[in-house]
Amino acid sequence: MSSVARELAERAGVDVDALIRELTSAARAKLSAHYRYTVLNASLAAVMGRDLREVLTDVRAEHHHHFDALVTRIYELDGRLPDDLVLFATAEPPNEPSLSDDPHALVTALLESARKDARHYTHLCELTQDKDHRTYDIVQAILFEQGEHESWFRELLGTGSPARFQRGFRGRSPYLSRLPPDAL
């Protein structure tokens with residue numbers, strides 16, 4: 001039985017199966033990033049400064065929120081994820097930059113990763129704009145938050161605008177949290 005969300009998206013001209021594949025890829029990347037940031041925070045604590053640790057902690061928490069929102073939307077569209085985490089995580093090879101123990105090189109690699117993610121969410125916005133409003137709202141909110149992550153990393157490199165990073169708001173996902181609860 002097809003869900004109402006799927007039927008509405010199909011009627012609007014969305015290739016829902018292709019969209020589910022794209023959303024699944026995005027969810028896989030978010031889960032991988034959450035894991036990666038957790039490992040970075042634990043393993044590099046001695047070489048990272050406090051600001052970098054705080055940014056990593058916040059980005060990690062927001063990736064968790066993004067993963068939850070993406071998975072919820074996949075299921076609303078009648079998509080499914082494998083029950084086996086290994087099968088899910090290894091379904092496509094990760095395309096992530098190599099990381100370094102040098103804080104400057106690490107932040108540069110994370111900045112590039114954030115830019116790559118922003119391009120993917122821009123693509124998802126283009127796929128769903130004026131067709132699937134709920135998916136569009138979710139991926140646009142994530143795109144805005146990716147832009148925030150990029151600015152935090154640029155700030156840490158000394159190439160960005162003055163601090164917009166607010167300590168103490170771990171993973172609040174300011175754009176995603178503005179959506180109505182039933183949209184997530």
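Where is Asp 78 found? Asp 78 sits in the loop between helix 3 (50–76) and helix 4 (85–89). I come back to that residue in point 4; here are my notes on the rest as well.

1. **Overall make-up.** Please keep in mind that this is a predicted model. The protein chain has six helices and zero strands, so its elements, read from the N terminus, run α-α-α-α-α-α. Of the 184 residues in the protein chain, 45% are buried. Among contacts with a separation of 6 or more, 77% join residues 24 or more positions apart.

2. **Helix 2 against helix 3.** These two helices pack with their axes 8 Å apart, at an angle of about 155°. Angles over 145 degrees count as roughly antiparallel, and helix 2 and helix 3 are therefore roughly antiparallel to each other. The crossing of helix 2 past helix 3 is left-handed. Sorted by class, their contact has 14 nonpolar, eight polar and four charged residues.

3. **The span of helix 3.** What should the 27 residues of helix 3 span, at 1.5 Å a residue? The expected figure is 39 Å, and the C-alpha atoms at the ends of helix 3 are 39 Å apart, which agrees.

4. **Just after helix 3.** Helix 3 is followed by Asp 78, and the phi of Asp 78 is positive. The value is near 70°, in a residue other than glycine. That is worth a look, because most residues other than glycine have a negative phi. As for its surroundings, Asp 78 is partly exposed, with a relative accessible area of 26%.

5. **Another positive phi.** Asp 130 also deserves a glance: its phi is near 65°, again a positive value in a residue other than glycine. You will find Asp 130 in the loop between helix 5 (103–128) and helix 6. Is Asp 130 buried or exposed? With a relative accessible area of 66%, Asp 130 is exposed.

6. **Helix 2 against helix 6.** The axes of helix 2 (residues 16–43) and helix 6 (residues 133–157) come within 13 Å and cross at roughly 35°. This crossing is left-handed. On the helix 2 side, the contact is made by Leu 19, Leu 23, Lys 30 and Tyr 37. Helix 6 contributes Thr 135, Val 139, Ile 142, Gln 146 and Phe 153. By class, that contact has six nonpolar, two polar and one charged residues.

7. **His 66.** This residue lies in helix 3. Its relative accessible area is 0%, so His 66 is buried. Leaving out residues up to four places away in sequence, His 66 touches Lys 30, Ile 142, Glu 145, Gln 146, His 149, Ser 173 and Leu 176. Lys 30, Ile 142 and Gln 146 are also among the residues that make the contact between helix 2 and helix 6. How many residues apart in sequence are His 66 and His 34? They are 32 residues apart, with their C-alpha atoms 10.0 Å apart in space.

8. **His 63.** Helix 3 holds His 63 too. At 2% relative accessibility, His 63 counts as buried, since the cut-off for buried is under 20%. Setting aside neighbours within four places in sequence, His 63 is in contact with Lys 30, Ala 33, His 34, Tyr 37, Asp 117, Gln 146 and His 149. Lys 30, Gln 146 and His 149 also appear among the residues that His 66 touches.

Note on methods: Residues numbered from 1 in each chain as written. Predicted model: local features only at pLDDT ≥ 70, side-chain atom pairs only at ≥ 80, totals over all residues. Heavy atoms only, no water. Axes fitted to C-alpha atoms, helices over the stretch in contact; angles between N-to-C directions. Helix = DSSP H or I, 4+ residues; strand = E, 2+ residues; numbered from the N terminus. Left-handed = near helix turned anticlockwise from the far one by under 90°. Contact = heavy atoms within 4.5 Å. Nonpolar A, V, L, I, M, F, W, Y, C, P; charged D, E, K, R; others polar. Buried < 20%, exposed > 50% of the residue type's maximum accessible area, 1.4 Å probe, protein only. Expected span 1.5 Å × (residues − 1). Parallel < 35°, antiparallel > 145°, perpendicular 65-115°, else oblique.
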